[in-house]
Amino acid sequence: MKLVFAGTPEVAVPALDALLASGRHEVAAVVTRPDAPAGRGRRLVASPVAERAEEAGIEVLKPVRPKDPDFLERLREIGPDCCPVVAYGALLPRVALDVPAHGWVNLHFSLLPAWRGAAPVQHAIMAGDEITGATTFLIEEGLDSGPVYGTVTEEIRPTDTSGDLLTRLAFAGAGLLAATMDGIEDGTLKAVPQPAEGVSLAPKVNVEDARVDWRAPALRVDRVVRGCTPAPGAWTTFRGERLKIVQARPVPERTDLTPGQLSAGKNNVYAGTGSYAVELLWVQPQGKKPMRGADWARGVRIAAGETLGD
């Protein structure tokens, strides 16, 4: 089939690579978000998908909105049979959805209908799920509600951050998306409607969602830290300044600390929660680089009874 691939961040690059390497399909163009300011100089930088497409010599389309007439005209000129999508980052209007004969097929990083929305991996970890996966489905105008072509499953490991899990899903999902394109082409795959039961939503995780509530049980604190790493980054306050919690570890044997209370030893530092303590393995003080929790504790000289949070 002739394909137009839509995607933007680094997590979409493995799927583009899989389609380029498949040998069965022609990736005629790539659709991605416009260049965005990045770095200290805030200079405009192309998306990872755009950079990869340019390396491969593929035409790159960067519409401000997918309903822009110039973009729609060029899409019709290319005449794709199907448009695979991975984390493109913009809503596709009906007029664009109708262009390819086989529609737009999205690779979504959850087992739909669970975790529809922008942050499925983060929410799966924060909810304590043990299994997640990736799904290919035909895009409709509803939120991740279209019929499903295929799935792959992935175990959520006890120490997984959202970054760890998303990396694994990006590569597993790349193979699934390529196989879905093959099945659509040869007619062996038919999209099956999602069940009405089991729907859950995964909206974007904002900075306030990432604030650690030390009154919550240790397992909840651990899940928030892992689910919000690397972005937006779990955080708390210490002496009135923001402190990122980069990595923590539940310690069931420490039950002597009240929520947020700190206890520092020579080689470690603990914080109390609503159940038992967590060890702060890595933290990042405001304006500084990440550091080991024990090194931070030595530097600030924690006083007896000092706490994290308000």
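1. In this predicted model, strands β1 and β2 (residues 26-31) are paired in the parallel sense, with five bridges between them. Alanine 6 has valine 31 of β2 as its bridge partner. Between the two strands the chain passes through helix α1 (residues 13-21), and the resulting β-α-β crossover is right-handed.

2. β1 also pairs with strand β6 (residues 83-86), again in the parallel sense, over two bridges. Here alanine 6 stands opposite valine 85. Alanine 6 therefore has a named partner in β2 and another in β6, as expected for a strand that sits between β2 and β6 in the sheet order. Strands of a sheet pair through backbone hydrogen bonds, either parallel or antiparallel.

3. Is strand β1 (residues 2-7) enclosed or open to the outside? Five of its six residues are buried, so the rest of the structure largely encloses β1.

4. The open sheet that contains these strands has seven members, in the order β5-β2-β1-β6-β7-β8-β9, and its pairing is mixed. β5 (59-61) and β9 are the edge strands, each pairing on one side only. From one strand to the next the twist averages 20°.

5. Two helices can be placed against this sheet. Helix α6 packs on it and touches β1, β6, β7, β8 and β9; the direction of α6 makes about 155° with that of β9. Helix α3 (residues 69-78) lies across β1, β2, β5 and β7, and runs at about 145° to β5.

6. The largest nonpolar core has 36 residues. Those with the most contacts inside this core are Phe5, Leu19, Val86, Phe109, Leu177 and Met181. Two or more residues each come from β1, α1, β2, α2 (48-55), β7, α5 and α6 (162-186). Helix α6 gives the most, with nine residues.

7. Which residues does phenylalanine 5 contact, leaving aside its neighbours within four places in sequence? The list is Ala12, Ala15, Leu16, Leu19, Val27, Ala29, Val30, Val31, Val49, Pro84, Val86 and Leu177. Of these, Leu19, Val86 and Leu177 are also named among the residues with the most contacts inside the core. Another core, of 28 residues, lies apart from the largest one; among its members are Ala119, Ala218, Leu280 and Trp296.

8. Antiparallel pairing is found around β11. Strand β10 (residues 235-238) pairs with β11 (residues 241-251) in the antiparallel sense over four bridges, and phenylalanine 238 stands opposite glutamate 241. The two strands form a hairpin with two residues between them; arginine 239, in the turn, has a positive phi of about 50°. β11 is further joined by eight bridges to strand β14 (residues 277-285), also antiparallel. In that pair, proline 250 has valine 278 as its bridge partner.

9. Threonine 236 belongs to β10. Its relative accessible area is 1%, so threonine 236 counts as buried. The side chain of threonine 236 reaches the backbone nitrogen of glycine 309 at 3.3 Å. Beyond neighbours within four places in sequence, threonine 236 is in contact with Trp214, Glu241, Arg242, Leu243, Ile245, Leu308 and Gly309.

10. Several backbone angles deserve a check. Most residues other than glycine have a negative phi, and most peptide bonds are trans. A cis peptide bond joins leucine 112 and proline 113, with omega about 15°; proline 113 lies in the loop between β7 (104-108) and α5 (120-126). The bond from threonine 229 to proline 230 is also cis, with omega near 10°, and proline 230 is in the loop between α7 (218-227) and β10.

11. Aspartate 144, which is not a glycine, has a positive phi of about 50°. Aspartate 144 is placed in the loop between β8 (131-138) and β9 (148-155). Is aspartate 144 buried or exposed? With a relative accessible area of 12%, aspartate 144 is buried, because the value falls under the 20% cut-off.

12. Arginine 301 likewise has a positive phi, near 50°. The residue lies in the segment after α8 (293-300). Arginine 301 has a relative accessible area of 71%, which is over 50%, so arginine 301 is exposed.

Terms used. Residues numbered from 1 in each chain as written. Predicted model: local features only at pLDDT ≥ 70, side-chain atom pairs only at ≥ 80, totals over all residues. Heavy atoms only, no water. Pairing = 2+ DSSP bridges. Buried < 20%, exposed > 50% of the residue type's maximum accessible area, 1.4 Å probe, protein only. Right-handed = clockwise from strand over helix to strand, strands pointing away. Core = buried A, V, L, I, M, F, W, Y, C linked by side-chain atoms within 4.5 Å. Contact = heavy atoms within 4.5 Å. Polar contact = N/O pair within 3.5 Å; in protein donor to acceptor, adjacent residues only side chain to side chain. Axes fitted to C-alpha atoms, helices over the stretch in contact; angles between N-to-C directions.
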